[in-house]
Amino acid sequence: MKAFYIQAILTASIGGILYGYDMGVISGALPSLSAYFQLNSVQQEWVVALLYFGGGVGAATGGFICDLFGRKRSILITDVIFGLGAFLLYIA
């Protein structure tokens, strides 16, 4: 197998790993969010569902964004946004 294919597979896998990480974070944070904001079960379901919705919107618009800005720049922008979000969660 060529090195390019292995690199592409590993790069694509990182997206799945990060998405799974986000799901783990929300499942760990949901009890605290529910207590702080006094969420009922329907509102808790909406919090979790919005994460899936965001993933769907990102998947649907990712190609257009790459066409508009270029693949490398798009990846760098989303990495910075993800890193900023992780930092904000860290200081919260």
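**Exercise 1. Place Ser34 in the fold and decide whether Ser34 is buried or exposed.**

Solution.
Step 1. Ser34 sits in helix H1 of this predicted model.
Step 2. The relative accessibility of Ser34 is 11%. Buried means under 20%, so Ser34 counts as buried.
Step 3. Leaving aside residues up to four places away in sequence, Ser34 touches Leu39 and Gln44.

**Exercise 2. State how confident the prediction is along the chain, and where confidence is lowest and highest.**

Solution.
Step 1. The average pLDDT of the chain is 85.
Step 2. A score of at least 70 is reached by 100% of the residues.
Step 3. Helix H1 has the lowest confidence, with a mean of 83, and H2 the highest, at 87.
Step 4. The reason to check this before anything else is that predicted coordinates should not be read in detail where pLDDT is low.

**Exercise 3. Describe Gln38: its backbone angle, its place and its accessibility.**

Solution.
Step 1. Gln38 is not a glycine, yet its phi is positive, at about 55°.
Step 2. Gln38 belongs to the loop between H1 and H2.
Step 3. With 69% relative accessibility, Gln38 is classed as exposed, because the cut-off for exposed is over 50%.

**Exercise 4. Find the aromatic pairs and classify their geometry.**

Solution.
Step 1. Searching the whole structure gives 2 aromatic pairs.
Step 2. One of them joins Phe4 and Tyr5, with 5.9 Å centre to centre and 65° between the planes. Planes over 60 degrees apart count as edge-to-face, so the Phe4 and Tyr5 pair is edge-to-face.
Step 3. Phe4 is exposed at a relative accessible area of 58%, whereas Tyr5 is partly exposed at 47%.
Step 4. Tyr36 and Phe37 form a pair with 4.9 Å centre to centre and 90° between the planes, which is also edge-to-face.
Step 5. Tyr36 has 65% relative accessibility and counts as exposed.

**Exercise 5. Work out where Ser74 lies, what Ser74 touches and whether Ser74 is buried or exposed.**

Solution.
Step 1. Ser74 is part of helix H3, which covers residues 71-91.
Step 2. Its relative accessible area is 5%. This is under the 20% cut-off, so Ser74 is buried.
Step 3. Apart from residues up to four places away in sequence, Ser74 is in contact with Ile65, Cys66 and Phe69.

**Exercise 6. Characterise the largest pocket: its volume, its lining and the helices that supply the lining.**

Solution.
Step 1. The largest pocket holds about 1200 Å³ of space.
Step 2. Its lining has 26 residues, and those closest to the pocket centre are Gly15, Ser74, Ile75, Thr78 and Asp79. Ser74, the buried serine of the previous exercise, is thus one of these residues.
Step 3. At least two lining residues come from each of helix H1 (3-37), helix H2 (41-69) and H3.
Step 4. By residue type, the lining comprises 14 nonpolar, 9 polar and 3 charged residues.

**Exercise 7. Do the same for the second largest pocket, and say which helix gives the largest share of its lining.**

Solution.
Step 1. The space in the second largest pocket is about 410 Å³.
Step 2. It is lined by 14 residues, and Val25, Ile26, Ala29, Gly85 and Leu89 lie nearest its centre.
Step 3. H1, H2 and H3 each contribute at least two lining residues to the second largest pocket. H1 gives the largest share, 6 residues.
Step 4. The lining splits into 12 nonpolar, 1 polar and 1 charged residue.

**Exercise 8. Compare separation in sequence with separation in space for Ser27 and Ile81, then for Gly63 and Asp22.**

Solution.
Step 1. Ser27 is in helix H1 and is partly exposed, with a relative accessible area of 49%.
Step 2. Ser27 and Ile81 are 54 residues apart in sequence, and their C-alpha atoms are 21 Å apart.
Step 3. Gly63 is in helix H2; at 41% relative accessibility, Gly63 is partly exposed.
Step 4. Gly63 and Asp22 are 41 residues apart along the chain, with 22 Å between their C-alpha atoms.

Notes: Residues numbered from 1 in each chain as written. Predicted model: local features only at pLDDT ≥ 70, side-chain atom pairs only at ≥ 80, totals over all residues. Heavy atoms only, no water. Helix = DSSP H or I, 4+ residues; strand = E, 2+ residues; numbered from the N terminus. Buried < 20%, exposed > 50% of the residue type's maximum accessible area, 1.4 Å probe, protein only. Contact = heavy atoms within 4.5 Å. 1 Å grid on protein atoms, 1.4 Å probe; cavity = no way out; pocket = protein on both sides within 12 Å on 5 of 7 lines; lining within 4 Å. Points joined across faces, edges and corners; volume = space filled by probe spheres on them. Nonpolar A, V, L, I, M, F, W, Y, C, P; charged D, E, K, R; others polar. pLDDT = per-residue confidence, 0-100. Phe/Tyr/Trp six-rings, centres within 6.5 Å; stacked < 30°, edge-to-face > 60°.
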